[in-house]
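Biologist: I should like to learn how the features of a model such as this one are read. Please take me through them in order.

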Protein chains: 2
Amino acid sequence: MSGKTVLIVDDEPAIREMIVVALEMADYECIEAADALEAHALIVDRQPDIVLLDWMLPGTSGIELARRLKKEDTTADIPIIMLTAKVEEDNKIRGLEIGADDYITKPFSPRELVARLKAVLRRATPPGIDNPIEVDGLILDPSSHRVTANDASLNVGPTEYRLLQFFMTHQERVYTRSQLLDQVWGGNVYVEERTVDVHIRRLRKALGERHDYLIQTVRGAGYRFSTQPA
Amino acid sequence: MSGKTVLIVDDEPAIREMIVVALEMADYECIEAADALEAHALIVDRQPDIVLLDWMLPGTSGIELARRLKKEDTTADIPIIMLTAKVEEDNKIRGLEIGADDYITKPFSPRELVARLKAVLRRATPPGIDNPIEVDGLILDPSSHRVTANDASLNVGPTEYRLLQFFMTHQERVYTRSQLLDQVWGGNVYVEERTVDVHIRRLRKALGERHDYLIQTVRGAGYRFSTQPA
DNA sequence: CCTGAGTGTTACAACTGTGTGACAGCTTTT
DNA sequence: AAAAGCTGTCACACAGTTGTAACACTCAGG
């Protein structure tokens with residue numbers, strides 16, 4: 001039915017096995033890795049649709065791997081769900097900042113896992129080399145690298161384009177300035193957070209009055225792309 | 001109190017009867033099925049909150065039914081507790097057992113059964129930070145940082161949002177102003193207790209007449225979030 | 001009916017977060 | 001080499017938010 005491939009990265013064989021069973025029942029194809037290196041190789045090789053990544057790994061930590069994946073163009077679009085052992089607020093936030101698309105705290109039920117997986121896969125539009133996204137007449141077409149509204153091409157700068165693409169593939173969710181810097185600018189650049197504001201402004205301006213409502217400010221939190229007018 | 005519906009699937013009428021008695025004493029509504037086919041029909045028809053599923057069934061085995069339920073979207077979210085006759089140490093079997101949301105080995109005490117049931121049901125709707133919480137049409141969605149009623153976004157300020165989130169994850173219990181300051185404002189700020197009153201007022205106003213009954217004053221004690229109109 | 005404590009409500013000044021335009025350094029195009 | 005475009009940062013303007021005080025109201029007990 002779905003046939004999606006899931007990479008499970010955890011050093012505990014028992015946990016991997018449990019997840020594999022749960023996911024195979026839900027008709028996912030599973031591949032496994034015990035450490036970050038093996039995981040990285042498998043990701044490049046097999047290009048899974050999503051990665052389940054344990055927080056604690058021997059050697060390179062899970063978060064380190066996540067950061068690296070998000071940095072490389074070929075892997076940046078693969079959704080990541082972090083598995084964390086304890087309920088750690090800091091970890092959660094750090095994980096999301098780095099680019100994990102969701103996180104689950106152990107212990108979790110297989111049902112919960114599958115539900116989250118589905119949600120993330122639904123949300124994350126596949127790397128869409130040529131998968132135009134359309135929202136309320138606004139069209140972003142990655143294949144032609146163009147943004148269109150009412151058959152008229154909009155003049156959108158490179159950064160604004162990436163920003164818009166990220167937003168359109170991650171709608172209805174708030175992102176902090178920090179998260180946006182990680183996701184759109186790419187993890188390890190040092191840029192002021194307020195810079196995001198400026199590019200948001202430029203993006204809104206480029207979208208015009210017809211569509212600028214899509215980029216919404218969430219005071220004290222960040223920004224959100226939503227079709228529902230705030 | 002709970003009124004949850006439990007489907008009991010077992011081919012032994014005596015065992016079903018024992019379970020029914022135990023669960024009805026704990027205020028669960030019970031429906032029964034003797035085989036997989038009957039069970040499947042009842043699940044689709046009655047949408048129970050949880051399924052108690054015997055491992056060994058005539059015809060289609062219990063695990064077969066479980067797999068099918070998890071595959072179909074309309075039933076995948078219903079938790080399953082497996083009843084197994086023997087203790088199987090084999091990893092694969094254990095994995096399958098865990099593939100359900102919990103399992104119990106016969107013989108078991110009624111008290112244990114009820115305890116497991118409660119635990120699974122509690123996990124089924126985790127008060128997780130990032131799952132939307134819904135009460136009487138009022139929805140708070142942390143991922144989009146939004147409060148909605150009747151498909152319309154409510155205008156809730158940052159502090160009111162945090163306050164509401166705390167209340168919705170801690171319903172049916174009174175909190176003093178001091179406790180609320182600790183929990184919502186964060187332990188070490190010096191703020192007058194009466195400030196809580198003002199934000200309660202703002203929150204009520206934001207919720208509107210439709211929902212402001214949820215925030216209840218407990219004279220001399222503090223405030224409470226409850227679905228029962230005081 | 002009166003009283004005092006507890007709570008609701010409003011107004012407001014200080015504060016904080018965000019919008020906006022300008023600008024200098026850079027890179028790419030011409 | 002010049003022009004055009006892009007980027008990041010800043011300063012200032014502006015609007016939303018916050019905590020507090022003041023006053024109005026409610027409730028329980030005498």
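Biologist: How many helices and strands does chain A have?

Modeller: This is a predicted model, and in it chain A has 8 helices and 12 strands. Of the 230 residues in chain A, 53% are buried. Among its contacts between residues at least 6 apart in sequence, 55% join residues at least 24 apart.

Biologist: How should the packing of two helices be described, and at what angle do α6 and α8 of chain A pack?

Modeller: Two packed helices are described by the angle between their axes and the distance between the axes. In chain A, helix α6 (residues 158–169) and helix α8 (residues 194–207) pack at about 85°, with axes 9 Å apart. Angles of 65 to 115 degrees count as roughly perpendicular, so α6(A) is roughly perpendicular to α8(A).

Biologist: Which residues make that contact?

Modeller: From α6(A) come Thr159(A), Glu160(A), Leu163(A), Leu164(A) and Phe167(A), and from α8(A) come His199(A), Ile200(A), Arg202(A), Leu203(A) and Leu207(A). By class, the residues of this contact are 6 nonpolar, 2 polar and 2 charged.

Biologist: At what angle do the axes of α6 and α8 of chain B cross?

Modeller: The axes of α6 (residues 158–169) and α8 (residues 194–207) of chain B cross at roughly 85° and come within 9 Å. Therefore α6(B) is roughly perpendicular to α8(B). Among the residues of the contact are Leu163(B) and Phe167(B) of α6(B), with Ile200(B) and Leu203(B) of α8(B). The classes there are 6 nonpolar, 2 polar and 2 charged.

Biologist: Let us turn to the nonpolar cores. How many residues has the largest nonpolar core, and which have the most contacts inside it?

Modeller: The largest nonpolar core has 28 residues, and Leu138(A), Leu164(A) and Phe167(A) have the most contacts inside it. Elements of chain A that give two or more residues to this core include β6 (133–135), β7 (138–141), α7 (177–186) and β12 (222–225). The largest share, 6 residues, comes from α6(A). Leaving aside residues up to four places away in sequence, Leu164(A) touches Leu138(A), Leu140(A), Val147(A), Leu203(A), Leu207(A) and Phe225(A). A second, separate core has 27 residues, among them Leu181(B), Ile200(B), Leu207(B) and Phe225(B).

Biologist: Is Asp197(A) buried or exposed?

Modeller: Residues under 20% relative accessible area count as buried. Asp197(A) has a value of 16%, so this residue is buried. Asp197(A) lies in helix α8 of chain A and touches Arg177(A) and Tyr223(A), not counting residues up to four places away in sequence.

Biologist: How is the sign of phi to be read, and what is the phi of Asp151(A)?

Modeller: Most residues other than glycine have a negative phi. Asp151(A), however, has a positive phi near 65°. Asp151(A) is in the loop between β8 and β9 (152–153) of chain A, and at 79% relative accessibility counts as exposed. In chain B, Asp151(B) has a positive phi of about 65°. That residue is in the loop between β8 (146–149) and β9 (152–153) of chain B and is exposed, at 72% relative accessibility.

Biologist: Finally, how many disulfides are counted over all chains?

Modeller: A disulfide is a covalent bond between the sulfur atoms of two cysteines. The count over all chains is 0 disulfides. As for individual cysteines, Cys30(A) is buried, with a relative accessible area of 16%, and Cys30(B) is buried at 17%.

Notes:
Residues numbered from 1 in each chain as written. Chains lettered and ligands numbered in written order. Predicted model: local features only at pLDDT ≥ 70, side-chain atom pairs only at ≥ 80, totals over all residues. Heavy atoms only, no water. Disulfide = S-S within 2.5 Å. Buried < 20%, exposed > 50% of the residue type's maximum accessible area, 1.4 Å probe, protein only. Axes fitted to C-alpha atoms, helices over the stretch in contact; angles between N-to-C directions. Helix = DSSP H or I, 4+ residues; strand = E, 2+ residues; numbered from the N terminus. Parallel < 35°, antiparallel > 145°, perpendicular 65-115°, else oblique. Contact = heavy atoms within 4.5 Å. Nonpolar A, V, L, I, M, F, W, Y, C, P; charged D, E, K, R; others polar. Core = buried A, V, L, I, M, F, W, Y, C linked by side-chain atoms within 4.5 Å.
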